[in-house]
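Me: I should like to understand how the terms used for a protein model are justified. May I ask about them one at a time?

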Amino acid sequence: MKLALSDEDAAFREELRRFYTSEIPEDIRERGKTGHSKFPEDMVTSQRILHANGLAVPNWPVEWGGKDWTPLQRQIWLDEMQLAGVPEPLAFNTKMVGPVIAQFGSQAMKERFLPPTANIDIWWCQGFSEPEAGSDLASLRTTAVRDGDTYVVNGQKTWTTLGQYADWIFLLARTNPDAPKRQAGISFLLAEMSTPGITLRPIELIDGSYEVNEVFFEDVRIPADQLVGEENQGWTYAKFLLGNERTGIARIGLTKLWMAQVKEHAAKLEVNGTPLLEDPLFAARVAEIETGLLALELTQMRVSGSEADGKPNPASSILKLRGSQLQQAATELFVEVAGPEALPFDAGDIDVPTWAQDAAPRYLNYRKTSIYGGTNEVQRNIIASTILGL
């Protein structure tokens, strides 16, 4: 694979850079670079600007706002967005439920949900994981029983990210408890969060933030026309969705941005009279991460766009596994460069730079990448069985 961009792709990249830095407000981009975006305002504002210019959902079918881009161009679109500090379009909308509806939903469902999903007029959240069904998702126990024109749903979901902002939730529920295989009796449903019987409870994370929730369903009636595709085929749709999610977790552009910031701070920090960035051991760790990023970027170029037929590409597990490892490695370097100044957090008016105060909470928060989207151990099993044939 060629490392250099063609003239056409280089021009494409330059146009995106111009757009991101001139059309997305500077204050939003600066907050994005430092990890202090205003939620949900910054994401809504930026996604609507992107959508108005045809740049919010390039991975969707063209008739629903997508772009006839090459996989490389889609990768450039995302990397440059992350490097510019532009909030990425809400993944639950653009990479998860949107593609599922576009691929498997009825025409009426597409017309009803895809336009507001692209413009973030609907904010979606994901109802997959349960207290006893995380990476082993097929063991989920939430049930959906057909009763006339509705499904009656009972159960619990957990780790529902950004559910406090959500208007709708897409969820998996067991519609056939007698299916010969656990995966065979699961359906994919859409529900409005204001539906009677749905209760949301926050979960505080180790870094003190609030971004995930528990969601409880008690005799919740969901109209039958909010079933995606066919009953008991939800596992097929979930695999398709998870392939998209795992590809997105790689976040190569974000890790590149972090590494640039790490190098900037390390170049200013002197240890025994020498900038930390010039220390051979530290420089070797920086080079190792950046080399890993380059290898991952090339892998993502090969994987992106390979799931147009609705079949998940098992190579997305490589992206998820290695991408999460590199993000965590970058957060470790932030803590090392910050040193003792990583200890205070949200301490008010003290002589410690904000980036250093953020180092430890960011490190703690990004332990999650080993778990969400399917644990790294599960990804290793998928790679071993599906790709290596072991």
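Reply: Certainly; leucine 16, found in helix α1 (residues 7-23), is a suitable start. Please keep in mind that this is a predicted model.

Me: Why is leucine 16 called buried or exposed, as the case may be?

Reply: Buried means under 20% relative accessible area. Leucine 16 has a relative accessible area of 4%, and therefore it counts as buried.

Me: What does leucine 16 touch, leaving aside residues up to four places away in sequence?

Reply: Leucine 16 touches Leu55, Ile76 and Trp77. A contact means heavy atoms within 4.5 Å.

Me: How far is leucine 16 from leucine 78 in space?

Reply: The two residues are 62 residues apart along the chain, and their C-alpha atoms are separated by 9.8 Å.

Me: Where is alanine 166, and what makes it buried or exposed?

Reply: Alanine 166 is in the loop between β3 (150-157) and β4. Its relative accessible area is 13%, and the limit for buried is under 20%, so alanine 166 is buried.

Me: Which residues does alanine 166 touch, and how far away is valine 228?

Reply: Not counting residues up to four places away in sequence, alanine 166 touches Trp123, Trp124, Cys125 and Met193. Valine 228 is 62 residues from alanine 166 in sequence, and the distance from C-alpha to C-alpha is 19 Å.

Me: What class does methionine 301 belong to, and why?

Reply: Methionine 301 lies in helix α9 (residues 280-303). Its relative accessible area is 18%; this value is under 20%, so methionine 301 is buried.

Me: How far apart are methionine 301 and alanine 238?

Reply: They are 63 residues apart along the chain, and 23 Å separates their C-alpha atoms.

Me: Why is glutamine 183 called partly exposed?

Reply: Partly exposed is the class between under 20% and over 50%. Glutamine 183 has 25% relative accessibility, and therefore it counts as partly exposed. Its place is the loop between β4 (168-174) and β5 (186-192).

Me: What surrounds glutamine 183 in terms of contacts, and where does asparagine 232 lie relative to it?

Reply: Glutamine 183 touches Ala138 and Trp235, residues up to four places away in sequence not being counted. Asparagine 232 is 49 residues from glutamine 183 in sequence, with 8.4 Å between the C-alpha atoms.

Me: Which feature of the backbone is noted for asparagine 272, and is this residue buried or exposed?

Reply: Asparagine 272 has a positive phi of about 55 degrees although it is not a glycine. It is located in the loop between β8 (270-271) and β9 (274-275). Since exposed means over 50% and its relative accessible area is 79%, asparagine 272 is exposed.

Me: What is known of isoleucine 120?

Reply: Isoleucine 120 is not a glycine, yet its phi is positive, at about 55 degrees. The residue lies in the loop between α6 (107-118) and β1 (124-127). A relative accessible area of 4% is under the 20% limit, and so isoleucine 120 is buried.

Me: What kind of peptide bond joins phenylalanine 39 and proline 40?

Reply: A cis peptide bond joins them, with omega at about 0 degrees. Proline 40 is placed in the loop between α2 (26-34) and α3 (41-52).

Me: Turning to the whole chain, how do you know whether its radius of gyration agrees with that of a compact globule?

Reply: For 390 residues, a compact globule would have a radius of gyration near 21 Å; the chain has 22 Å, and therefore the value agrees. The C-alpha trace spans about 75 × 50 × 50 Å along its principal axes.

Me: How many helices and strands are there, and how much of the chain is buried?

Reply: The chain has 12 helices and nine strands. Of its 390 residues, 51% count as buried. Its accessible surface comes to about 17900 Å², and 52% of this belongs to carbon and sulfur atoms.

Me: Which domains does the assignment give?

Reply: The assignment gives domain 1 (5-88), domain 2 (122-229) and domain 3 (247-386). The C-alpha centres of domain 1 and domain 2 are 30 Å apart.

Terms used. Residues are numbered from 1 along each chain as its sequence is written. This is a predicted model: local features need pLDDT of at least 70, side-chain atom pairs count only at pLDDT 80 or more; totals for chains, interfaces and linings use all residues. Side-chain values use heavy atoms; hydrogens and water are left out. Helices (H or I, at least four residues) and strands (E, at least two) are DSSP runs, numbered from the N terminus. The radius of gyration is taken over C-alpha atoms; the globule rule is 2.2 Å times the number of residues to the power 0.38. Buried means under 20% relative accessible area, exposed over 50%, partly exposed in between (1.4 Å probe, protein chains only). Accessible areas come from the Shrake-Rupley method with a 1.4 Å probe; for residues, only the protein chains shown count as cover. Domain bounds come from an automatic or database domain assignment.
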